[in-house]
Amino acid sequence: MLLECGMQEEGLFRVAPSASKLKKLKAALDCCVVDVQEYSADPHAIAGALKSYLRELPEPLMTFELYEEWIQASNIPEQERRLQALWNTCEKLPKANYNNIRYVIKSWPSSPSTRT
């Protein structure tokens, strides 16, 4: 929905949706009953639900355990080595975390996916 409705929206992840609309959307997502038409006009609600989901996870998607590795990898000046280090760290994620990150990244246009 974000790709279809929100990519032209300025401040998509900065502008907060109305609290009542966000609460209603989260409840609908929890029940797997979302009226797409109702939320297609408000991409901020969809972005807010995604942010809320990620914020409420018991552990960050990138994990506390791998925090130092992510930081070290991101500080490598050479792009090729930095990407390899980031990939190596990504490979260490728990399967559920990896699949979640993969889904989010794969959803964006022109994101290459090499791992199945």
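1. In this predicted model, Arg81 and Glu78 pair through their side chains in a salt bridge, with an N to O distance of 2.6 Å. The two partners differ in exposure class: Arg81 is exposed at 52% relative accessibility, while Glu78 is partly exposed at 37%. The value for Arg81 is to be read against a threshold, since exposed means over 50%.

2. The Arg81 and Glu78 pair belongs to a short list, as a search of the whole structure finds four salt bridges. As background, side chains of opposite charge can pair when their charged atoms come close. Two further pairs are described in the next points.

3. Glu56 and Lys26 form a salt bridge whose closest N and O atoms are 2.9 Å apart. Glu56 sits in the loop between helix H4 (43-55) and helix H5 (67-74), and Lys26 in helix H2 (residues 19-30), so this pair ties together parts that are 30 residues apart in sequence. Glu56 is exposed, with a relative accessible area of 54%, whereas Lys26 is partly exposed at 26%.

4. Glu69 makes a salt bridge with Lys92, and here the closest N and O atoms are 2.8 Å apart. This pair also links distant parts of the chain: Glu69 belongs to helix H5, Lys92 to the loop between helix H6 (79-90) and helix H7 (95-107), and the two are 23 residues apart. Glu69 counts as partly exposed, at 28% relative accessibility.

5. On the nonpolar side, the largest core has nine residues: Leu2, Leu12, Leu22, Leu25, Tyr39, Ala45, Ile46, Ala47 and Ala49. H2 and H4 are the elements that give two or more residues to this core. H4 gives the most, with four residues. In soluble globular proteins, nonpolar side chains tend to be buried together.

6. Ala49, one of the residues of the largest core, can be followed through its contacts. Leaving aside residues up to four places away in sequence, Ala49 touches Leu22, Leu25, Lys26 and Leu29. Of these, Leu22 and Leu25 are listed in the largest core as well, and Lys26 is the residue that forms a salt bridge with Glu56.

7. Apart from the largest core lies another one, of seven residues, including Leu61, Leu66, Leu93 and Ile101. Ile101 can also be placed relative to Cys90: the two are eleven residues apart in sequence, and their C-alpha atoms are 9.2 Å apart in space. Cys90 is found in helix H6. Its relative accessibility is 13%, and Cys90 therefore counts as buried, the cut-off being under 20%.

8. The last item is the largest pocket, with a volume of about 760 Å³. Its lining is made up of 22 residues, and Leu2, Leu29, Ile46, Leu50 and Tyr103 lie nearest the centre. Two of these names, Leu2 and Ile46, also appear in the largest nonpolar core, and Leu29 is among the contacts of Ala49.

9. Which helices supply at least two residues each to the lining of the largest pocket? They are helix H1 (2-6), H2, H4 and H7. H4 provides the largest share of the lining, six residues; H4 is also the element that gives the most to the largest core. By residue class, the lining of the largest pocket divides into 15 nonpolar, three polar and four charged residues.

Terms used: Residues are numbered from 1 along each chain as its sequence is written. This is a predicted model: local features need pLDDT of at least 70, side-chain atom pairs count only at pLDDT 80 or more; totals for chains, interfaces and linings use all residues. Side-chain values use heavy atoms; hydrogens and water are left out. Buried means under 20% relative accessible area, exposed over 50%, partly exposed in between (1.4 Å probe, protein chains only). A nonpolar core is a set of buried Ala, Val, Leu, Ile, Met, Phe, Trp, Tyr and Cys residues joined through side-chain atoms within 4.5 Å. Contact means heavy atoms within 4.5 Å. On a 1 Å grid over the protein atoms alone, a cavity is a set of points where a 1.4 Å probe fits but cannot get out, and a pocket is an open set with protein on both sides within 12 Å along at least five of seven lines; lining residues have an atom within 4 Å of a point. Grid points are joined across faces, edges and corners, and a volume is the space filled by probe spheres set on the points. Ala, Val, Leu, Ile, Met, Phe, Trp, Tyr, Cys and Pro count as nonpolar, Asp, Glu, Lys and Arg as charged, and the others, Gly among them, as polar.
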